[in-house]
Amino acid sequence: WGDDTTKDVPMCALPPDDWTKVENPRGKEVLVQMGEDQVVCELRDTMPWRKNIKNGCGIDLNHAACTALGVKVPLKRKCSWAWAEK
């Protein structure tokens, strides 16, 4: 999408499988939980379609999101996500 995901704002990327049926997905809030910690991210990037992802990842977090969760990059950890409710 061309958004600058290096900003100090928690952001994430999801596969198109997860956002193509969502109205105006760009910038939509995503609640990410890793263990007891959680952060609300903005959807600002896209990943490949799930069938093309070879490393098993279902979401990609930027540095600010990882920092908010108390983890250091690079990493691959189990987490869950849901569209944040307003």
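**Exercise 1. Work out whether Cys66 is bonded or unbonded to its closest cysteine.**

Step 1. In this predicted model, look for the cysteine sulfur closest to that of Cys66: it belongs to Cys41, at 8.5 Å.

Step 2. Compare that with the cut-off: a disulfide needs two cysteine sulfur atoms within 2.5 Å. The sulfur of Cys66 is therefore too far away for a bond.

Step 3. Now turn to Cys41. Its closest cysteine sulfur is in Cys12, 5.0 Å away, which is also too far for a bond.

Step 4. Finish with the count: by this rule there are 0 disulfides.

**Exercise 2. Describe the surroundings of Cys41: is this residue buried or exposed, and which residues does Cys41 touch?**

Step 1. Place the residue first. Cys41 sits in strand β3.

Step 2. Check its accessibility. Cys41 has a relative accessible area of 1%, so the residue is buried. Cys66 is buried as well, at 4% relative accessibility.

Step 3. List the neighbours, leaving out residues up to four places away in sequence. Cys41 touches Pro10, Met11, Cys12, Lys28, Glu29, Val30, Val32, Leu61 and Ala65.

Step 4. Add a distance across the fold. Although Cys41 and Ala84 are 43 residues apart in sequence, their C-alpha atoms are 8.8 Å apart in space.

**Exercise 3. Put the strands of the sheet in order and find which ones stand at the edges.**

Step 1. Read across the open sheet. Its 5 strands come in the order β4-β1-β3-β2-β5, and the pairing is mixed.

Step 2. Look at the two ends of that order. β4 (60–61) and β5 each have a single partner strand, so one side of each has no neighbour in the sheet.

Step 3. Take the parallel pair β1 and β3. Strand β1 (residues 11–14) and strand β3 (residues 37–46) are linked by 4 bridges, and Ala13 has Asp45 as its bridge partner in β3.

Step 4. Move on to β2 and β3, which run antiparallel and share 6 bridges. Here Gln33 stands opposite Gln38, and Met34 stands opposite Asp37.

Step 5. Follow the chain from β2 into β3. The two strands form a hairpin with 2 residues between them, and Gly35 in the turn has a positive phi of about 65 degrees.

Step 6. End with β2 and β5, an antiparallel pair joined by 4 bridges. Leu31 finds its bridge partner, Ala82, in β5.

**Exercise 4. Sort the side chains of β2 by the face they point to.**

Step 1. Recall the general pattern: side chains in a regular strand alternate between the two faces of the sheet.

Step 2. Apply the pattern to β2. Val30, Val32 and Met34 point to one face and are buried. Glu29, Leu31 and Gln33 point to the other face and are not buried.

**Exercise 5. Find what is unusual about the backbone of Asn24, and where this residue lies.**

Step 1. Start from the general rule: most residues other than glycine have a negative phi.

Step 2. Compare Asn24. This residue is not a glycine, yet its phi is positive, at about 50 degrees.

Step 3. Locate the residue. Asn24 lies in the loop between α1 (16–19) and β2 (29–34). With 64% relative accessibility, Asn24 counts as exposed.

Step 4. Visit another loop. Gly70 lies between α2 (63–68) and β5 (80–83), and is exposed because its relative accessible area is 63%.

**Exercise 6. Describe the largest pocket: what is its volume, and how many residues line it?**

Step 1. Begin with the volume, which is about 340 Å³.

Step 2. Turn to the lining. The largest pocket has 17 lining residues, with Cys57, Ile59, Leu75, Lys76 and Arg77 lying nearest its centre.

Step 3. Sort the lining by class: 10 residues are nonpolar, 3 are polar and 4 are charged.

Terms used. Residues are numbered from 1 along each chain as its sequence is written. This is a predicted model: local features need pLDDT of at least 70, side-chain atom pairs count only at pLDDT 80 or more; totals for chains, interfaces and linings use all residues. Side-chain values use heavy atoms; hydrogens and water are left out. Buried means under 20% relative accessible area, exposed over 50%, partly exposed in between (1.4 Å probe, protein chains only). Two strands pair if DSSP finds at least two bridges between them. Contact means heavy atoms within 4.5 Å. On a 1 Å grid over the protein atoms alone, a cavity is a set of points where a 1.4 Å probe fits but cannot get out, and a pocket is an open set with protein on both sides within 12 Å along at least five of seven lines; lining residues have an atom within 4 Å of a point. Grid points are joined across faces, edges and corners, and a volume is the space filled by probe spheres set on the points. Ala, Val, Leu, Ile, Met, Phe, Trp, Tyr, Cys and Pro count as nonpolar, Asp, Glu, Lys and Arg as charged, and the others, Gly among them, as polar.
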